[in-house]
Amino acid sequence: MKSMKKYAPIAMLLGAASLAQAQQGDVKQLGTTLTPWGAIVAGNADGTIPAYTGGLTTPPANYDKSNPGWRPDPFPGDKPLFKIDASNMEKYKDKLTPGTIEMLKKYPTFNVEVFQSRRSVAYPKNVQENSIKNATRCKVINDGLGLDTSTGCGFGIAFPIPKNGTEAMWSLATKYRGQAFVQKNMQGSFVKPSGEIVRTYEAMGYRGWDFYDPSKPNPDRYYSYSYEYAAPTRLANNAAIVFDEIKTGERTAYNYSPATRRVRLSPDNSGDTPVSQMGGAMTFDEDGMFAGKLDRFDWQLVGKKEMYIPYNNYRFQYPDANGECAGAKRTVAYHLNPKCVRWELHRVWHIKATLKEGKRHIFKQRDLYLDEDSWGEGVGDNYDHNGKIFHVVYQIGAPMYDAPAPSATDNVIFDLVSGVYGYSGAQSGNYLTDIWPRSKYAPDLIVNKKIDFKK
């Protein structure tokens, strides 16, 4: 927090700096009127979004250092300022995504509890410095499908001031979450319209952001992950590894099945292939709002706007063991338990994707609303080929104040046609770790369990 306090006086001077002014900003604004990652330092005109003053870097008193992956709510005394439901959503509709409005119309039990906006995201000093440098040393290649890292591009947000939708998507792809973390007791589930929860898998998960790998001066991958499944029986001891190449945007995946005792390439672990381990409730490229190659869509940067999005969701992600949001209490039929999801007003990047002519995908259009501070939290609306909202994607995250790093997020996908929704996340915490060396990531090594976590 101390490293960013220098911005506070600037924010006060700027007062109600317009979004348009900041969007047209140049690199010199990074670290002054814009944060190093491109967010507007100043608060908004009516004071409902505060100025950025450095984020949250001090854990609360009840944070247990012996269990560092579990992060208690640093704002337990916060109460909802107001509630948005179907009866009053007209008043707030300009700050709600179309998907959220549709859910308010469709589900009488769904509502949005809005809390005080807290800009709690923080970054290490070296990530801030590299984000500023990236503004002039990163460029897209291969028609936007890849990123040129030969000039030192890496180790920060790729495009803190994106000029178009493709650059904004590369900033999403290179978001900072720490170099890597392991997810203990990962669970995937889908919830039927009846409210019944179907547990689809249990696993240990590893997620690494190779764009921040200190052993690679010119990063050649930007993201990788691995799952080692423990349940159900049909999945136990299966494993998967996935990595995304930076120059081509290509995704490579391998699966291991003890039934066949073979490691096989798995090209279907991408695009709009339904994730079988989630009961088909989400597609592979819906992970983290969007994941994988950009080739099927034209990406347009619409601009910035103020929106209500899920934010600072410690109570959902790290619930009290006996609290009202523990375990299955977080879900109800059709949507998450509104009492367990905190919403705040934040400025977001609006990116619109339109399916290219000649390309195939179950979604014809996608609208992403990405938080300006984290480049990862937010809401996605995915439309079918009739122009109706099909899936709504929520990133339910909470900044890792101990790192610091913007967030580790649970992924939630609502299917507005079937009424089913799926979600996945670590039930026992997200533990920061080092990036796996390539020697540990060879496909033939996934036969043996590799994921552990540090307490």
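**Exercise 1. Locate Pro-404 and describe the peptide bond that precedes it.**

Solution. Pro-404 is in the loop between strand 17 (389–400) and strand 18 (405–415); strands are DSSP runs of E with at least two residues, numbered from the N terminus. The bond joining Ala-403 and Pro-404 is a cis peptide bond, with omega about -5 degrees.

The model is predicted, so local features need pLDDT of at least 70, side-chain atom pairs count only at pLDDT 80 or more, and totals for chains, interfaces and linings use all residues. Residues are numbered from 1 along each chain as its sequence is written, and side-chain values use heavy atoms, leaving out hydrogens and water.

**Exercise 2. State where Pro-232 lies and the geometry of the bond from Ala-231.**

Solution. Pro-232 belongs to the loop between strand 7 and strand 8. The peptide bond that runs from Ala-231 to Pro-232 is cis, and its omega is near -5 degrees.

**Exercise 3. Determine the phi values of Asn-142 and Asp-143, and classify the accessibility of each residue.**

Solution. Begin with Asn-142, which sits in the loop between strand 3 (139–141) and strand 4 (146–148). Its phi is near 55 degrees, a positive value in a residue other than glycine. Asn-142 counts as partly exposed because its relative accessibility is 44%; buried means under 20% relative accessible area, exposed over 50%, and partly exposed in between, with a 1.4 Å probe and protein chains only.

Continue with Asp-143, in the loop between strand 3 and strand 4. Asp-143 is not a glycine, yet has a positive phi of about 55 degrees. Its relative accessibility is 81%, so Asp-143 counts as exposed.

Terms used: Helices (H or I, at least four residues) and strands (E, at least two) are DSSP runs, numbered from the N terminus.
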